[in-house]
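Student: I have a model open and would like to talk it through with you. Could we go piece by piece?

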Amino acid sequence: MIKLLLTTLLLTITASPAMAETVYDRVMKTNVLKCGYLVYDPEIIIDPNTKELSGWVHDIIEAAAKELEWKVEWTEEVTFDSMFEGLYAGRYDAVCSGLWESPKRSKRALFMTPVTYATYYPYVRVDDQRFDNNLNAINSPDIKIAILDGEYGEVVANEQFPQAKQHRLAPGTSYNLVFPDVAQKKADVVFALPSVAQKYIDQNPNKLKMINKEVLVMPSSVMSTHIGEQSFKNLMDSTLRHLLNTGAIQKIIDDNHHADDKTNYPVSKPYKASR
């Protein structure tokens, strides 16, 4: 009998290995949210002198953590091509940046509820008129699109302009370097948020211009986490919806953008007054 019980116990242990601690369990226990983050003005901005972080995504994450009585630990700056690796290595709990969903990215991470919809435009040299009112002209083997591995421009290029060549920057390169590559004729087109591109244009006048036609409007998701962390995602979704419904998120975005900046559009509320 004793031998039978020991055998049964051994089989049970073998068949049911102890589950690793989840992000949800760890954050609930420690009250600390560890964030990997992309430096991407105006979402996440880093002061070059103090290394202090700011930006509208930074402020939304801090507001969500305050609601949950957590502290945010901005653990590690990441790049587009390696941002999910830290999730699987357990170095941080979430990528706390304004990432946009795509089928390819969704294979590797869970995305939280969208908090804005972002506009994405093509930019070319100021003297280049080939694409004026004719975006289809980009879809040609004669055209090079500046691409940073893992950034959303790769999705746009692959899906909308598959015939064009891709001028790829080295992995880990700063996103800001896609603009001078177009200005210096290493590439012909780059896709970007107006707020990001305009900063380059202001600092480098008479180099680039926006083609006056919208390419895509896409959801911007403040956070993403490990593909298996549904409980943590559910908690963050609920908290972000609360901040959306109270108007807190829109106020944060308004405080971080110029009034005429049309980069981010608000999420429509799921109801309207009946009268």
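Student: Let's start with helix α8, then: which of its residues are buried?

Tutor: Keeping in mind that this is a predicted model, the buried residues of helix α8, which spans residues 194-203, are P194, S195, V196, A197, Y200 and I201.

Student: And what do the buried residues of α8 pack against?

Tutor: They pack against three strands, β8 (114-125), β11 (190-192) and β12 (208-210), and against one helix, α7 (178-183).

Student: Switching to pockets, what volume does the largest pocket have?

Tutor: Its volume comes out at about 500 Å³, and the lining is made up of 25 residues, with V39, Y40, S174, Y175 and N176 lying nearest the centre.

Student: Which element gives the most to that lining?

Tutor: That is α8 again, which gives 4 residues to the lining of the largest pocket, while β2 (45-46) is also among the elements that supply at least two.

Student: How many of the lining residues are nonpolar, polar and charged?

Tutor: By class, the lining of the largest pocket holds 13 nonpolar residues, 7 polar ones and 5 charged ones.

Student: Okay, salt bridges. How many are there in the whole structure?

Tutor: A search of the whole structure gives 13 salt bridges, and one of them pairs D93 with R26, where the closest N and O atoms are 2.7 Å apart.

Student: Why does the D93 and R26 pair tie together parts that are apart in sequence?

Tutor: The reason is where the two partners sit: D93 lies in the loop between α4 (85-89) and β5 (94-95), whereas R26 belongs to helix α2 (residues 23-30), so the salt bridge links parts that are 67 residues apart in sequence.

Student: Is D93 buried or exposed?

Tutor: D93 is buried, at a relative accessible area of 2%, whereas its partner R26 is partly exposed, at 22%; the cut-off for buried is under 20%.

Student: What about K233, which residue does it meet in a salt bridge?

Tutor: K233 meets D237, with an N to O distance of 2.7 Å, and the two residues both lie in helix α9 (residues 230-245), 4 residues apart, or about one turn of the helix. An α-helix has 3.6 residues a turn, so residues three or four places apart point the same way.

Student: Are those two buried or exposed?

Tutor: Both count as buried, D237 at 7% relative accessibility and K233 at 15%.

Student: Which residues are joined into one network by salt bridges that share partners?

Tutor: R125, D128, R130 and D188 are joined in that way. Within this network, R125 forms a salt bridge with D128, the closest N and O atoms being 3.9 Å apart, and both R125 and D128 are buried.

Student: Different spot now: where is S102 found?

Tutor: S102 is found in the loop between β6 (99-100) and α5 (103-106), and at 5% relative accessibility S102 counts as buried. Leaving aside residues up to four places away in sequence, S102 touches Y152 and V155.

Student: Last thing, where does pLDDT stay under 50?

Tutor: That happens over residues 4-18, for which the model has 0 contacts beyond four places in sequence. For the chain as a whole, the average pLDDT is 85, and 87% of the residues score at least 70.

Conventions
Residues are numbered from 1 along each chain as its sequence is written. This is a predicted model: local features need pLDDT of at least 70, side-chain atom pairs count only at pLDDT 80 or more; totals for chains, interfaces and linings use all residues. Side-chain values use heavy atoms; hydrogens and water are left out. pLDDT is the predictor's confidence in each residue, from 0 to 100. Contact means heavy atoms within 4.5 Å. A salt bridge is a side-chain nitrogen of Lys or Arg within 4 Å of a carboxyl oxygen of Asp or Glu. Buried means under 20% relative accessible area, exposed over 50%, partly exposed in between (1.4 Å probe, protein chains only). On a 1 Å grid over the protein atoms alone, a cavity is a set of points where a 1.4 Å probe fits but cannot get out, and a pocket is an open set with protein on both sides within 12 Å along at least five of seven lines; lining residues have an atom within 4 Å of a point. Grid points are joined across faces, edges and corners, and a volume is the space filled by probe spheres set on the points. Ala, Val, Leu, Ile, Met, Phe, Trp, Tyr, Cys and Pro count as nonpolar, Asp, Glu, Lys and Arg as charged, and the others, Gly among them, as polar.
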